[in-house]
Amino acid sequence: MARKFFVGGNWKCNGTTEEVKKIVAVLNEGQVPPPDAVEVVVSPPFVFLPLVKSSLKPHFHVAAQNCWVKKGGAFTGEISAEMIVSLDIPWVILGHSERRLLLNESNEFVGDKVAYALGQGLKVIACVGETLEQREAGKTLDVVAAQTRAIAERVSSWENIVLAYEPVWAIGTGKVATPAQAQEVHHELRKWLHDNVSAEVAASTRIIYGGSVSGGNCKELATQPDVDGFLVGGASLKPEFIDIIKSSELKKSA
Ligand SMILES: O=C(CO)COP(=O)(O)O
């Protein structure tokens, strides 16, 4: 089965109510390919989830940016998977490098979160990626394999997981991975899934790229055989996000 192109917009910790309304208006006015050609999921900060969900055209789906590792309770400041489900939000981003690095989320903790969120019925955009130091030390594939393994060991199905490869050195830096660099890691991740999970999961799991994706560089990246879409940060707050969604049209179906 062909993997449907997937474009995620991670708004991170950005936006006021007024700014969020403007981004929603841009999305609603955009001429984008139909939902059977591309899956688009935007991820506003928690406080804007209901506003964004209720004002976006149904064509677009919504994701939370994180959730707690288990059932809610006495965890001040956290948001549980159950809460996200109760808002009818289908997706959550987990394991983003900003949380792994700034908030010390370990591979195991991220794996536990992915398993718990899936168990509650959420779909998960699970992020992996190496730092510049790790890349320069030749450890890229070991790092992303270890991050992926911690997820694979804890989940029984990959049906509701999109894997996002986001090299840390490319995030918010304007230094996008070259199409060849992205393709190499995506190919290796797919091979890892093939060898360690199953051929079926390797063939069907979408592996998307994130890190300084823009309206300018998305086209060449989109044509790489193992790049099934994008997770976009800064550019997802701007009208060029529409161009990035449209890059799905360049994808030849597998
Ligand atoms: O972290 C990212 C998406 O999750 C990428 O961010 P930028 O597109 O701003 O580099």
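These questions and answers cover a predicted model, its helix α7, its ligand shell and one loop residue.

Trainee: What does the chain average in pLDDT?
Mentor: Residues are numbered from 1 along each chain as its sequence is written. In this predicted model, local features need pLDDT of at least 70 and side-chain atom pairs count only at pLDDT 80 or more, while totals for chains, interfaces and linings use all residues. pLDDT is the predictor's confidence in each residue, from 0 to 100. Here 98% of the residues score at least 70, and the chain average is 97.

Trainee: On which side or sides of α7 do the buried residues lie?
Mentor: Helices are DSSP runs of H or I with at least four residues, numbered from the N terminus. A residue is buried if 20 or more other C-beta atoms lie within 10 Å of its own, exposed if 12 or fewer, and partly exposed in between, with C-beta atoms placed from the backbone. In α7 the buried ones are Thr140, Val144, Gln147, Thr148, Ala150 and Ile151. They cover an arc (of the directions from the helix axis to the C-beta atoms) of only 155°, so they are on the same side of α7.

Trainee: Which exposed residues does the face turned away from the buried side of α7 carry?
Mentor: Helix α7 spans residues 140-152. Its face turned away from the buried side carries two exposed residues, Asp142 and Ala146.

Trainee: Is Asn104 buried or exposed?
Mentor: Asn104 sits in the loop between α4 (97-102) and α5, and its phi is positive, near 55°. Because 8 other C-beta atoms lie within 10 Å, Asn104 is exposed.

Key: The expected span of a helix is 1.5 Å times one less than its number of residues.
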